[in-house]
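These are my notebook entries on salt bridges, written while I looked through the structure.

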Amino acid sequence: MQLASWNSVIWPIVAILGALYIPGAIGVRMLTVRGPERHGDCAYPVLRTLAWAPLLSVVVAAASGTAVYPLHIRWNWATYLVCYAIVLVVIAAIRMAVLAHERRKNPHIPRHKRTYALTYLREKVRNRRGTPAAPEPHGAFARVLPSVFGVLTAAVLIVARLVRHVPSPDQITQNYDTVFHTNVVANIVINGQASSLHALSPVRETYPIAFQQFAALGNLAAPSITVPAATMACWIAFAAIVYPISMLYLVRVICGRHMLTDFAAPALAAVAGGMPYLLLDWGTLYSMGTGQMLMPVLFAAAWRWFTVTWNRGARACWAGIGWMLLGTAAVSFAHFRVMMTFLLLVIPVFLYWCVQFGKYIRHRYGKRALRITLSCVVLAIVLVFLAGLAVFARMYLVNNTRPISSHLNGGQAQVTDTWGSAIMRFLTGTPINSLGQHMPVDWILAVLLAIAIVSIVALRTPWRRWGLLFLGSYVLLGIICVASAATMADWAKIITALWYKDQRRPFSAWAMVAIPLVCIGLIAFTDWWDTRMRTRKSVVRAIPRTLFCVLTVLCVLVSPQANAMAASVGTTMQFAQDGQDAPMLTQDEYLLLKRLAKDVPAQDTIVADPWNGSGFALAVGDRSLFYPHLAMVWDEDHAYLASHLDQIETDPRVCQILDQYHLRWYLDMGGSFMPSPQHAVFEGMDNVPHSALKLVDSQGRAALYEITACPVH
């Protein structure tokens with residue numbers, strides 16, 4: 001048995017994309033409000049559908065998995081599609097009810113005019129001017145070509161860099177969290193349990209597992225591949241397709257349709273800020289990475305509502321709120337902590353809306369209404385602040401047995417830079433990898449960003465207002481990232497606590513802020529240049545656009561930072577050398593795990609030290625472990641067996657526990673991959689006498705034994 005090839009995950013990737021986009025596109029099209037008020041992002045129905053379809057699918061998957069769990073129904077493809085069909089029927093019923101209400105409210109308007117805005121507008125054009133000339137057949141294709149080319153460029157480069165540095169999809173990131181995430185996927189595949197409230201009992205109950213659900217669907221579509229390979233296929237689907245489309249949608253909502261930004265937005269998503277490899281390299285944060293890849297769509301919905309839709313009538317206002325709620329649910333189901341980053345970045349545009357709303361209140365209802373509104377808002381802010389202050393005082397002042405300084409001191413929270421270095425890294429979009437090493441600076445992108453910021457601040461263009469709002473989000477994100485990287489002061493721990501003072505988590509949003517900044521600034525500069533050079537030849541006017549396009553292509557193709565980040569992922573996923581305990585698995589040990597099903601019956605459970613890599617037995621070999629995770633609160637039997645298994649020939653209680661739980665298999669894969677006090681309980685598994693065991697299978701130093709000292713009846 002060998003490691004899987006990348007060709008083996010093509011079908012799972014296609015299946016996962018189908019699960020995300022086909023039913024999701026149908027649902028989004030049914031949810032889309034169409035009528036004479038159609039405007040803004042609704043003017044791009046295909047892009048809107050492609051952007052929102054994965055979010056709707058994530059919500060349906062997570063909700064269906066939680067809903068069927070108490071009914072003891074397995075969650076799989078059939079369950080997912082049936083639940084989606086029910087959701088679509090409900091959406092259709094609601095839509096029909098809304099249309100029936102409109103027909104009763106406006107009986108004089110023909111149905112097709114009330115339902116389809118484009119048909120209505122075309123009718124008016126024909127009646128007023130006669131039948132217009134048909135558009136050129138290649139016009140629509142030419143308009144979408146930059147977007148398609150940008151998304152395909154990003155997808156190809158993301159996959160190519162990954163495949164170049166990771167030889168097989170069977171390779172996994174060799175760290176603590178990977179055991180949990182891959183075993184969650186295996187639990188869904190084997191047991192059909194996909195509830196976020198019971199993620200992996202008894203290891204952890206509540207955890208967002210939407211990403212793992214789609215990875216499980218990929219494994220169910222191709223049962224011959226392992227769970228780690230299916231998980232990698234799912235990551236590719238989100239990182240190479242969903243993420244670039246999300247970035248394209250965000251920039252399109254803010255900037256409109258421009259050839260340069262339609263290409264640059266998705267293409268730069270493949271290289272900016274270490275994404276999409278950053279969270280894959282650090283701690284296997286599949287769920288958080290998924291939320292980060294979906295967040296641009298939610299931010300676009302919030303941006304649109306706070307800047308335009310809230311004042312476009314009741315129907316458009318409530319529709320915008322509905323889309324924001326859908327986006328909030330999707331990002332939260334992916335990983336609720338990503339919402340903390342969203343709330344941070346949305347502050348500037350929210351403050352802008354507050355000012356505009358105040359002007360609206362004053363204009364329509366007078367100064368007194370404005371004063372009352374402001375008083376209520378200030379009172380609410382003060383109450384929230386006082387509540388937070390009370391919680392803080394209770395935790396750290398009244399009960400000060402554990403001061404702030406004793407919190408957030410783990411490896412992820414350590415200082416990695418001086419103040420100057422941290423600021424410069426953020427300004428240039430330079431992340432650190434899982435080893436704390438600084439990645440190379442992407443100077444082309446840094447120059448583009450600098451030009452964009454100067455253009456936004458210095459040039460008086462219509463884009464200045466939107467650019468300054470994004471610049472505000474950029475500064476807020478910078479404060480969190482720099483404080484996480486440069487100091488261990490108490491105030492820094494307070495403001496970064498929602499991200500565990502882990503600079504990589506907020507830094508993963510750098511691209512989501514920087515790419516729109518670049519696009520807004522470049523549009524502002526090219527518009528200013530066109531105005532100044534309007535009397536010159538078209539070749540002169542095209543110089544900035546041509547130069548920016550060339551720089552973008554160069555940045556995407558030869559990015560030293562993206563190449564280094566992908567290489568870091570490859571290092572993180574390397575197998576341990578033969579005979580070594582760190583990282584977790586050698587290739588021989590992995591291949592032995594893949595063969596477990598050949599010898600161990602499906603209903604049997606294996607005894608092994610989870611700290612030596614055998615914790616992957618469920619994910620790789622489809623067989624359950626008596627110790628399902630590295631660190632848990634073990635009951636008396638688990639703790640006793642772990643500490644005394646080496647006394648199997650002399651301690652009758654060891655055989656009693658083995659017999660009680662029907663344990664007849666022992667897996668030996670060396671020692672712990674890292675020193676830890678939590679591993680002390682497993683010291684009794686280090687030297688189990690071979691006279692009590694019968695060798696069944698082995699590869700390298702990894703060996704599967706049948707326990708013969710006390711047969712299980």
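Before judging any residue I wrote down the cut-offs: buried means under 20% relative accessible area, exposed means over 50%, and partly exposed lies in between. I also noted that this is a predicted model.

Entry on aspartate 637. I looked up its relative accessible area and found 16%, so aspartate 637 counts as buried. For arginine 653 I found a relative accessible area of 25%, and therefore I entered this residue as partly exposed. The two residues form a salt bridge, in which the closest N and O atoms are 3.6 Å apart. I then placed the partners along the chain: aspartate 637 belongs to helix α29 (residues 636–644) and arginine 653 to helix α30 (residues 652–660), so that the pair links distant parts of the chain, 16 residues apart.

Entry on arginine 595. I found that its side chain meets that of aspartate 697 in a salt bridge, with an N to O distance of 3.0 Å. Arginine 595 sits in the loop between α26 (587–594) and α27 (596–599), while aspartate 697 is in strand β4 (residues 693–699), so this pair ties together parts that are 102 residues apart in sequence. Both arginine 595 and aspartate 697 are buried.

Entry on aspartate 502. I found a salt bridge between the side chains of aspartate 502 and arginine 504, at 3.5 Å from N to O, and I noted that both residues are buried. I also recorded that Asp502, Arg504 and Arg505 are joined into one network by salt bridges that share partners.

Last entry. How many salt bridges does a search of the whole structure find? I wrote down 13.

Technical notes: Residues numbered from 1 in each chain as written. Predicted model: local features only at pLDDT ≥ 70, side-chain atom pairs only at ≥ 80, totals over all residues. Heavy atoms only, no water. Salt bridge = Lys/Arg side-chain N within 4 Å of Asp/Glu carboxyl O. Buried < 20%, exposed > 50% of the residue type's maximum accessible area, 1.4 Å probe, protein only. Helix = DSSP H or I, 4+ residues; strand = E, 2+ residues; numbered from the N terminus.
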